[in-house]
Amino acid sequence: MSTHHDPAGLGSLVTEVSRSFDVPITTANLPVYRASSVFFDTLEEAWSTGARAVAGERHASTYATAGTPTTFALMDALAAIEGQGHDCRAALMPSGLTAIAAALLAVLKTGDHVLMPDSVYGPARTLCGTLLARMGVSTTFYDPALDADAVAALMQPTTRVLYLESPGSYTFEIQDVPALCALARSRGVVTMIDNAWASPMFARPFDWGVDMSLLPLTKYWSGHADVLMGAVVAREALWPALHGAVRQMGLCVGGDDAFLILRGLRTAAVRMRHHQASALAVARWLQARPEVARVLHPALPSHPGHALWQRDFTGSSGLFSFELRPGMADTPGKLAALVERRRFYRIGYSWGGYESLIMPARLSGARSVQPWEGGPLIRLHVGLEDTNDLIADLAAGLDAMRAAA
Ligand SMILES: *Cc1c(COP(=O)(O)O)cnc(C)c1O
């Protein structure tokens with residue numbers, strides 16, 4: 001299969017997986033299957049297909065919850081793109097958060113222990129303190145800057161999952177994922193990574209040694225802010241557990257949504273290159289502004305995780321944060337003046353689309369190991385608009401902030 005760094009390669013991969021199904025005419029895209037019931041000509045066919053579907057065999061379906069050609073094509077594409085030549089399978093989920101929950105529920109049982117980075121995506125933190133706690137699963141949050149020896153010291157005999165997210169949500173810490181995965185493997189602990197930020201364009205989690213990669217397809221894979229979906233890509237050895245969780249909970253997606261992700265994939269690499277270049281230009285411009293204390297972007301040499309980022313990633317996406325100097329936005333009016341009524345930046349959470357977003361972080365309660373002690377933190381998603389327009393819009397916001405009461 002083609003490599004994901006080549007946009008033409010991604011587009012033809014989608015064609016390749018689409019054309020692996022037998023349909024009467026040849027077009028670039030498969031027809032979109034909208035389905036619930038799946039029909040059989042014979043009882044023997046129904047029952048043998050059922051046995052194959054229960055076993056989690058590729059493309060076996062007795063009911064559209066298990067899959068249709070549209071969703072199977074997307075699963076195959078994701079396993080190839082994220083798996084990067086490793087033996088992987090993909091399961092589709094109705095959202096990125098469902099992917100996180102399903103992966104954890106697939107491998108955890110009562111009495112198990114999970115290690116979670118302190119910078120984890122907020123709703124994943126909530127999941128640990130609620131559903132997982134109720135199941136009798138305990139969680140220890142760890143500083144994402146810890147090295148493998150320090151994380152080893154936090155492991156308990158019951159530790160089952162070492163969860164990773166790199167860079168971390170809002171604060172963008174880079175973890176030493178290969179070293180942490182080697183540690184986990186030596187202890188028989190399953191590793192999962194939330195690969196939202198880099199997407200497979202700029203990260204190769206299975207080369208780093210992770211067992212499961214959790215993908216919010218809602219973000220860069222869709223790229224157009226018009227669909228919610230997630231996926232878990234797992235090494236073949238974990239497929240029975242993941243497939244079991246999918247069947248037990250009836251996790252599935254519709255054909256129209258799956259088609260939108262397949263369509264987004266065709267342009268993902270070119271979009272990512274634009275997000276990367278434009279975000280870096282905005283980040284460098286912000287670094288020179290007097291209102292800004294520091295810019296938290298792993299591709300900047302000033303970032304504490306820059307060396308690790310350089311070693312492990314092949315690029316950077318459109319999402320980063322900047323910290324304002326103390327006193328710069330010490331009233332709600334100043335913060336509002338910065339982010340409201342911008343021409344291009346909208347106030348919003350779900351990044352990864354064509355559009356630029358600006359969102360102040362609310363980190364109180366969101367960190368338990370290292371409470372945030374810096375100035376106000378603003379997260380930007382740099383979209384596909386003109387870079388100079390985006391810089392001018394931010395300049396206007398910073399000016400408005402200084403003028404506001
Ligand atoms: C958005 C996001 C998710 C969840 O994706 P949804 O499809 O919105 O549920 C998971 N992890 C990270 C880091 C995210 O930013």
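**Exercises: ligand and sheet**

A polar side-chain atom of K219 lies 2.8 Å from an oxygen atom of the ligand. The model is predicted: local features need pLDDT of at least 70, side-chain atom pairs need 80 or more, and totals for chains, interfaces and linings use all residues. Residues are numbered from 1 along each chain as its sequence is written, and side-chain values use heavy atoms, without hydrogens and water.

**Exercise 1.** Find which ligand atoms the side chains of D194 and W351 approach.

*Solution.* Use polar contacts (pairs of N or O atoms within 3.5 Å). Start with D194: a side-chain N or O atom is 2.6 Å from a nitrogen atom of the ligand. Then take W351: here the partner is an oxygen atom of the ligand, at 3.2 Å. Now add the area: the ligand alone exposes 370 Å², and the protein buries 89% of that (Shrake-Rupley method, 1.4 Å probe).

**Exercise 2.** Describe the shell around the ligand by residue class.

*Solution.* Count first: 14 residues surround the ligand (a heavy atom within 4 Å). G96, L97, D194, T218 and K219 are the closest. Sort next: seven are nonpolar, four polar and three charged. Gly counts as polar. Last, find the main contributor: helix α4, residues 96-107, gives the most, with three residues (a DSSP run of H or I, at least four residues).

**Exercise 3.** Name the edge strands of the five-stranded sheet.

*Solution.* Write the order: β8-β9-β12-β11-β10, an open sheet with mixed pairing (strands are E runs of at least two residues; pairs need at least two bridges). Read the ends: β8 (292-296) and β10 (346-347) each pair on one side only. Look inside: β11 (357-360) and β12 (377-381) run antiparallel over four bridges. There, I358 stands opposite L380 in β12.

Notes. Polar contact = N/O pair within 3.5 Å; in protein donor to acceptor, adjacent residues only side chain to side chain.
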